[in-house]
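Trainee: Before accepting the labels attached to a model, I should like to see each one justified. May we go through them in turn?

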Amino acid sequence: MKNTILLLSLLVGFSGLYGCSEEAQNKLSRIGITWLEGDYKITFANGSHTQSWLVKDGKVTSDPEKGYYYFWAVQDNGKKYYVQTPITNSYIEEIKP
């Protein structure tokens, strides 16, 4: 999975070097991940606003056309709640046991 994310990052980086429009770069950055399963920390950072969620033994899916990640996050009390966050400015980290 890390190789997929690294490859996607390189594609987006090279597209900027070779004259792709910003819109084309955004589309490239959205096509890489459509489904992740396991334990993840998702962080949305935009200016001074930062928020993180934990996904435990769950799925993170994306809708590249709409530009969002969707997942069930776990609260401290163990309850789950549904989250939708923009792909842009969102970062996904795999949590290793």
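Trainee: What share of the residues of the protein chain count as buried?

Mentor: In this predicted model, 25% of the 97 residues of the protein chain count as buried.

Trainee: Why is Phe71 called buried?

Mentor: The label requires a relative accessible area under 20%. Phe71 has a relative accessibility of 1%, and therefore counts as buried.

Trainee: Which residues does Phe71 touch, leaving aside those up to four places away in sequence?

Mentor: Contact requires heavy atoms within 4.5 Å. Phe71 touches Ile42, Trp53, Val55, Lys59, Val60, Tyr81, Tyr82, Val83 and Thr85. Phe71 itself is found in strand β3, residues 68-74.

Trainee: What makes β2 and β3 a pair of strands?

Mentor: At least two bridges are needed for strands to pair. Strand β2 (residues 49-63) and β3 have four bridges, in the antiparallel sense, so the criterion of at least two is met. Ser62 stands opposite Tyr69 in β3. The two strands form a hairpin with four residues between them, and Gly67 in the turn has a positive phi of about 85°.

Trainee: How do you know that β3 and β4 pair as well?

Mentor: Here there are seven bridges, again antiparallel, between β3 and strand β4 (residues 80-86); the requirement is at least two, so the strands pair. Tyr70 stands opposite Gln84 in β4. Five residues lie between the strands of this hairpin, where Gly78 takes a positive phi near 95°.

Trainee: Into what pattern do the elements of the protein chain fall along the sequence?

Mentor: The pattern is α-α-β-β-β-β-β, with two helices and five strands.

Methods
Residues numbered from 1 in each chain as written. Predicted model: local features only at pLDDT ≥ 70, side-chain atom pairs only at ≥ 80, totals over all residues. Heavy atoms only, no water. Buried < 20%, exposed > 50% of the residue type's maximum accessible area, 1.4 Å probe, protein only.
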